[in-house]
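User: Please take me through this structure in short turns. I care about the ligand site and the sheets.

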Amino acid sequence: MSTIKDLNLAPSGERKIRWVEAHMPVLRDIGSDFAREKPFSGLKIALSVHLEAKTAYLCRVLEMGGAEMHVTGSNPLSTQDDVAAALAAKGMDVHAVYGCTDEEYQAHLRNVLSVGPNIIIDDGGDLVDLIHLLGGKCADLGEHLIGGCEETTTGIHRLRIMDRAGTLRFPMIMVNDADCKHLFDNRYGTGQSVWDGIMRTTNLVVAGKYVVVAGYGWGGKGVALRAKGLGAKVIVTEVDPIRALEAVMDGYEVMPMMDAAAIGDIFVSVTGCKDVITLEHCERMKDGAIVSNAGHFNVEIDMEALDRCADEIYEARHNIDAYRLPNGKTIYVIAQGRLVNLAAGDGHPAEIMDMSFAVQAMSAEYLVRTRGQLRPGVVSVPAEIDDNIARRKLKAMGVSIDSLSCSQKEYLNG
Ligand code: NAI
């Protein structure tokens, strides 16, 4: 039986799913192929991805392909209860509740694994981690498992560590590293949705403010680009000299966080690293500075130190906590330092997730097609999948491109 907040919320969730479906043409197209070919017939898929409408539509597309779906979220604060209810109302096995405790979240992960899934769809690596933790205690898991797909940078980072140590027991496809994923989702998706989350939560102006973006990877590039477009003065902090140089050449100021802390009005950390914004940084900040995180885990801002040291903590506005520090300044933290675009917004735009989830769906199908042929460890998304999705997306957008003539191909290939 599903674990959800309230089945009566289903109509509202259903409306949200219908809205995104209308804006996800590539996934719709893949859904039609799946409905015809039933690649997942007789297979169980356990999915742990931020449970909002786009994810729900991915679940339905996989179900159209014949999969028996077992679904949970990938962060207690990003689950939308009405969307979870909409899936459960149509008979899907769902275990996700907004704001659940860490213990409940772990129980939800265990629930979807308890069915002995054939395929894992993970976002951040929690399912895969748990499978390895359960290890021998859950023999069924290894036996049935064909492999899995990982959605995000942080999850892949965790998988690579396991792969290097030789402990990853099955193939995991690195969805994040596909061009059709990180070039669009991490950059344009994060860029837009982070500002949507911050603006709708604070209802404050961005223009004219100093915005500090920690990390100039794919996510940071998007967040900085959109901040600039909104009229902010953007400062980037980095630890990688190449990325720092890129930020300089893109026209941003680059400096250590300790210097940026004293200047910024709004901070966004998007590094995948921990302790990027520490108590010491917060103490240097201006009174009223706003701090947020867009990285996968809530480890980028040292929330533990803030909780411990603040003289007073109060809710300043829905999803914004005020921390009055011993030096008398107040710092505002959005969504408890959890990823701001999901915990204080609706996540990436549907048109962007259309591509990311198309990579997920086609990678899952690839796992079934190549069953028994892939080695345990991290596996790249085949170039044909990237190419196929980009072509479908361009077609849906009504954009045509040239193709190489035979003599051009000969010229290029030598
Ligand atoms: P990336 O690897 O492309 O970039 C991360 C950047 O942060 C690198 O340039 C690295 O040098 C820098 N960095 C690392 N530690 C730092 C530190 N202490 N201070 C300053 N810079 C530091 O990774 P990407 O794709 O940008 O992802 C970053 C995080 O965002 C990951 O946790 C990822 O899972 C998450 N993510 C979140 C999304 C969302 O919807 N909020 C969407 C996509 C990714």
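The turns below treat the ligand shell, then the two sheets. The model is predicted.

User: How many residues surround the ligand, and which are the closest?
Analyst: The closest residues include Thr-152, Thr-153 and Thr-154. Glu-238 and Asn-341 are also among the closest. The number of residues surrounding the ligand is 27.

User: Which class has 15 residues in the shell around the ligand?
Analyst: Charged residues number 4 in the shell. Nonpolar residues number 8. The class with 15 is polar.

User: What distance separates a polar side-chain atom of Thr-152 from an oxygen atom of the ligand?
Analyst: Two backbone contacts give context. A backbone N or O atom of Gly-219 lies 2.8 Å from a ligand oxygen, and a polar backbone atom of His-296 is 3.0 Å from a ligand oxygen. For the polar side-chain atom of Thr-152, the distance to a ligand oxygen is 2.7 Å.

User: What share of the ligand's accessible area does the protein cover?
Analyst: On its own, the ligand has 860 Å² of accessible area. The share covered by the protein is 87%.

User: Which helix gives the most to the shell around the ligand?
Analyst: Helices H8 (153-165), H9 (179-202) and H10 (218-229) each supply at least two shell residues. The top contribution is 3 residues. That helix is H9.

User: Which strands stand at the edges of the sheet of 8 strands?
Analyst: This open sheet has mixed pairing and runs E9-E8-E7-E10-E11-E14-E13-E12. Each edge strand has a single partner, so one side of each lacks a neighbour in the sheet. The edge strands are E9 (253-254) and E12 (312-317).

User: Which residue in E10 does Ala-214 stand opposite?
Analyst: Strands E7 (residues 210-214) and E10 (residues 266-269) pair in the parallel sense, over 4 bridges. Opposite Ala-214 stands Ser-269.

User: At what angle does H10 run to E7?
Analyst: H10 also supplies at least two residues of the ligand shell. On the sheet, H10 lies across E7, E8 (233-237) and E10. Its angle to E7 is about 170 degrees.

User: Why is one side of E3 and of E15 left without a neighbour in the sheet?
Analyst: The second open sheet has 7 strands with parallel pairing, in the order E3-E2-E1-E4-E5-E6-E15. E3 (93-95) and E15 (377-379) stand at its edges. One side of each is left without a neighbour because each has a single partner strand.

User: What is the average twist from one strand to the next in that sheet?
Analyst: The order puts E3 and E15 at the ends. From one strand to the next, the twist averages 20 degrees.

User: Which residue in E3 does His-70 stand opposite?
Analyst: E2 (residues 68-72) and E3 pair in the parallel sense over 3 bridges. Opposite His-70 stands Asp-93.

User: What angle does the direction of H16 make with that of E5?
Analyst: H8 lies across E5 (147-150), E6 (171-174) and E15, at about 130 degrees to E15. H16 (residues 350-369) packs on the sheet and touches E4 (119-122), E5 and E6. Its direction makes an angle with that of E5 of about 160 degrees.

Notes. Residues are numbered from 1 along each chain as its sequence is written. This is a predicted model: local features need pLDDT of at least 70, side-chain atom pairs count only at pLDDT 80 or more; totals for chains, interfaces and linings use all residues. Side-chain values use heavy atoms; hydrogens and water are left out. A residue is near a molecule or strand if one of its heavy atoms lies within 4 Å of it. A polar contact is a pair of N or O atoms within 3.5 Å; within protein, one must be able to donate a hydrogen and the other to accept it, and residues adjacent in sequence count only if both atoms are side-chain atoms. Accessible areas come from the Shrake-Rupley method with a 1.4 Å probe; for residues, only the protein chains shown count as cover. Ala, Val, Leu, Ile, Met, Phe, Trp, Tyr, Cys and Pro count as nonpolar, Asp, Glu, Lys and Arg as charged, and the others, Gly among them, as polar. Two strands pair if DSSP finds at least two bridges between them. Contact means heavy atoms within 4.5 Å. Axes are lines fitted to C-alpha atoms, for helices over the stretch in contact, and angles run from 0 to 180 degrees between N-to-C directions.
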